[in-house]
Amino acid sequence: MPNNNVFNPQNSPVYTSITNTFTSPGIVAPPETNAGSTGNLYNAGSTNSTTLGLLGGSVIATVQLSNPSGSGKTVYISRLSGGITVALNLLSSFSGSMSLSTNGTITSPTTLTPVNNNLASSNTSIATVRFSTAAPTGATTLIAMPLQVGPFLSNELGRYVVPPGQSINLSMSGSLSVGGLMASTSYFSWWEV
């Protein structure tokens, strides 16, 4: 049998290089691994659950994560999660959406306490996390997409960066044109450096 090269063929080279000096075996881990072990990885979020009347309506869950001015740290978004749950047989009347936005104002917020993912750590988050049952106003949309009923999860691995004096909002919204029980959930996971 011929010994064909999978990588780096002579007529179409694809050069690869491992940057980790410990190469046997090569070690690759996301930043959350170190943040979790040092007690700097956090979670916060909540659910809005409502029984809608005969004419239906909307159920919104918004979490706003703010990095206070002068905090001296930067917040890196690790994961967006949540989703929409419906207890109804007529799902044809359902519509859902997710929106990620920056800054803006949320209505009648309640304060959430961030949870440290390292159960042995006494570190507390510098972030201010608030929850609202309304969409933010005056915010700049980063991304918006339709959702089906069920869970939502997006691993961001630090793709969204929240410097001091800035905030980021995650909103899950579900609507029904008939009555039913609906719940919308929004959660952030983040680390701080």
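Q: Is Tyr42 buried or exposed in this predicted model?
A: Let's start with where Tyr42 sits, which is strand S1. Its relative accessibility is 1%, and the cut-off for a buried residue is under 20%. Tyr42 therefore counts as buried.

Q: Which backbone oxygen does the side chain of Tyr42 reach?
A: Leaving aside neighbours within four places in sequence, Tyr42 is in contact with residues including Pro114, Asn123, Thr124, Ser125 and Phe188. One of these also takes part in a polar contact, at 3.4 Å from the side chain of Tyr42. The oxygen belongs to Thr124.

Q: How far apart in space are Tyr42 and Trp191, C-alpha to C-alpha?
A: Along the chain these two are 149 residues apart. In space the picture changes, with a C-alpha to C-alpha distance of 6.1 Å.

Q: Which residue forms a stacked aromatic pair with Trp191?
A: The structure holds two aromatic pairs. In one of them, the ring of Trp191 has a partner at 5.5 Å centre to centre, with 15° between the planes. Planes under 30 degrees apart count as stacked, and the partner here is Tyr76.

Q: How many residues apart in sequence are the parts that the pair of Tyr76 and Trp191 ties together?
A: Tyr76 lies in strand S3, whereas Trp191 lies in strand S12. Tyr76 is partly exposed at 25% relative accessibility, while Trp191 is buried at 8%. Because the two rings sit in separate strands, the pair ties together parts whose separation in sequence is 115 residues.

Q: Which strand supplies the largest share of the largest nonpolar core?
A: This core has 29 residues, and those with the most contacts inside it are Leu65, Ile77, Val129, Met182, Phe188 and Trp190. Strands S1, S2, S3, S4, S7, S11 and S12 each supply at least two residues. The largest share is five residues, and it comes from S3.

Q: Which tryptophan does Val129 touch?
A: Val129 is among the core residues with the most contacts inside the core. Not counting residues up to four places away in sequence, Val129 touches Ala44, Val63, Gln64, Leu65, Thr110, Thr111, Leu112 and Pro114. The list is completed by a tryptophan, Trp190.

Q: How many bridges join S2 to S11?
A: S2 is mostly covered, with nine of its eleven residues buried. S2 and S11 run antiparallel, and Val63 has Leu170 as its bridge partner in S11. The number of bridges joining these two strands is eleven.

Q: Which residue in S7 is the bridge partner of Gln64?
A: S2 pairs with S7 as well, in the antiparallel sense and over five bridges. For Gln64, the bridge partner in S7 is Arg130.

Q: What is the relative accessible area of Ser184?
A: Ser184 lies in strand S12. Its contacts, apart from neighbours within four places in sequence, include Ser46, Thr47, Val59, Gly83, Met172 and Ser173. A polar atom of the Ser184 side chain also lies 2.8 Å from the backbone oxygen of Val59. Ser184 is buried, with a relative accessible area of 0%.

Q: Which residue is joined to Asn40 by a side-chain polar contact of 3.0 Å?
A: Asn40 is found in the loop between H1 and S1, yet at 18% relative accessibility Asn40 counts as buried. Not counting residues up to four places away in sequence, Asn40 touches Ala35, Lys73, Asn123, Trp190, Trp191 and Glu192. The side-chain polar contact of 3.0 Å joins Asn40 to Thr38.

Q: What is the phi of Ser108 near?
A: Most residues other than glycine have a negative phi. Ser108, in the loop between S4 and S5, has a positive value. Ser108 is exposed, with a relative accessible area of 64%. Its phi is near 45°.

Q: Where is Leu157 found?
A: Leu157 also has a positive phi, near 55°. At 43% relative accessibility, Leu157 counts as partly exposed. Its place is the loop between strands S9 and S10.

Q: In which element of the protein chain is confidence highest?
A: The mean pLDDT of the chain is 86, and 83% of its residues reach 70 or more. Confidence is lowest in helix H1, at a mean of 84. The highest value, 98, is found in S7.

Note on methods:
Residues are numbered from 1 along each chain as its sequence is written. This is a predicted model: local features need pLDDT of at least 70, side-chain atom pairs count only at pLDDT 80 or more; totals for chains, interfaces and linings use all residues. Side-chain values use heavy atoms; hydrogens and water are left out. A nonpolar core is a set of buried Ala, Val, Leu, Ile, Met, Phe, Trp, Tyr and Cys residues joined through side-chain atoms within 4.5 Å. Buried means under 20% relative accessible area, exposed over 50%, partly exposed in between (1.4 Å probe, protein chains only). Helices (H or I, at least four residues) and strands (E, at least two) are DSSP runs, numbered from the N terminus. Contact means heavy atoms within 4.5 Å. A polar contact is a pair of N or O atoms within 3.5 Å; within protein, one must be able to donate a hydrogen and the other to accept it, and residues adjacent in sequence count only if both atoms are side-chain atoms. pLDDT is the predictor's confidence in each residue, from 0 to 100. Rings of Phe, Tyr and Trp (its six-membered ring) pair if their centres lie within 6.5 Å; planes under 30 degrees apart count as stacked, over 60 as edge-to-face and the rest as tilted. Two strands pair if DSSP finds at least two bridges between them.
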